[in-house]
Amino acid sequence: MSEQSKKWVIGGSIIGVLSGAIIIASNDKTRNGVTSFVSSTTHQTKHWITVINENRDTVIDQLRASSEKVSKVVEAASEDIQTIVDSSQNLKSHAYDLLNAIIDSKDELIELKEKLQTVESLPEAEGNVYKLHQ
C-alpha cells in the first residue's frame, strides 16, 4: 500500500471514530446504551476474574486434565497416522512387485508370440512344433 493510501485510510478511520463519538455524545439514548453495555461488560469481566481467582486450583486441574486428554488423542492419532504411512509404503511395494510381474508376463507373451509367428512362417509345421517345446 502506498503512503498516500495509508494516509487516506488512517484519516478516514479517525473521522469515522470522531463522528461515532459525536453521535454517541449527542444522543441520550445511544449514550445510555453504550454506557450500559460497557458497565455490563466490565461487571461480567470482574465477576469471571473473581470466580477464577477463587477457584484457581480447580480451574488449573481442569485445564491440566483437558490438556492430558488432548495429548492422548493427539498421540493416538499420530500412531494411527504412522500405521497408515507404513501400510501405504507396503502397498507401494506390492504395487511395484505386481507391476514387475505384469511386465515379465508381457515380455514372456511377446516372446511366445514371436516363436509362434516364426513356427507358422516355416514350411514344415510338424517339425517346428517340436522345436517350440524345446
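**Exercise 1. What pLDDT does the protein average, and what share of the residues score at least 70?**

Solution. Start with the confidence, since this is a predicted model. The average pLDDT comes out at 84. As for the share, 90% of the residues score at least 70. Now go element by element: helix H3 (residues 56-121) has the highest mean pLDDT, 89. At the other end sits helix H4 (residues 125-133), with the lowest mean, 51.

**Exercise 2. Work out the overall layout: how many helices and strands does the protein have, and what share of its residues is buried?**

Solution. First, count the elements: there are 4 helices and 0 strands. Reading from the N terminus, that gives the run α-α-α-α. Next, look at burial: of the 134 residues, just 1% are buried. Finally, take the surface: about 12,000 Å² is exposed, with 61% of that supplied by carbon and sulfur atoms.

**Exercise 3. Describe how helix H1 packs with helix H2: at what angle, and how far apart are the axes?**

Solution. Two numbers do the job here, because a packed helix pair is described by the angle between the axes and the distance between them. H1 covers residues 3-26 and H2 covers residues 28-54; their angle is about 105°, and the axes lie 5 Å apart. Angles from 65 to 115 degrees count as roughly perpendicular, so H1 is roughly perpendicular to H2.

Then list who touches whom. From H1 come Ile24, Ala25 and Ser26, which meet Asp28, Thr30, Arg31 and Val34 of H2. Sort these contact residues by type and you get 3 nonpolar, 2 polar and 2 charged.

**Exercise 4. Place threonine 35: which helix holds it, and why is it classed as partly exposed?**

Solution. Step one is easy: threonine 35 sits in helix H2. For step two, check its relative accessible area, which is 48%. Buried would need under 20% and exposed over 50%, so threonine 35 at 48% is partly exposed. Last, relate it to isoleucine 24: the two are 11 residues apart along the chain, and their C-alpha atoms are separated by 9.9 Å. Isoleucine 24 is also one of the H1 residues in the contact with H2.

How values were computed: Residues are numbered from 1 along each chain as its sequence is written. This is a predicted model: local features need pLDDT of at least 70, side-chain atom pairs count only at pLDDT 80 or more; totals for chains, interfaces and linings use all residues. Side-chain values use heavy atoms; hydrogens and water are left out. Axes are lines fitted to C-alpha atoms, for helices over the stretch in contact, and angles run from 0 to 180 degrees between N-to-C directions. Helices (H or I, at least four residues) and strands (E, at least two) are DSSP runs, numbered from the N terminus. Angles under 35 degrees count as roughly parallel, over 145 as roughly antiparallel, 65 to 115 as roughly perpendicular and the rest as oblique. Contact means heavy atoms within 4.5 Å. Ala, Val, Leu, Ile, Met, Phe, Trp, Tyr, Cys and Pro count as nonpolar, Asp, Glu, Lys and Arg as charged, and the others, Gly among them, as polar. Buried means under 20% relative accessible area, exposed over 50%, partly exposed in between (1.4 Å probe, protein chains only). Accessible areas come from the Shrake-Rupley method with a 1.4 Å probe; for residues, only the protein chains shown count as cover. pLDDT is the predictor's confidence in each residue, from 0 to 100.
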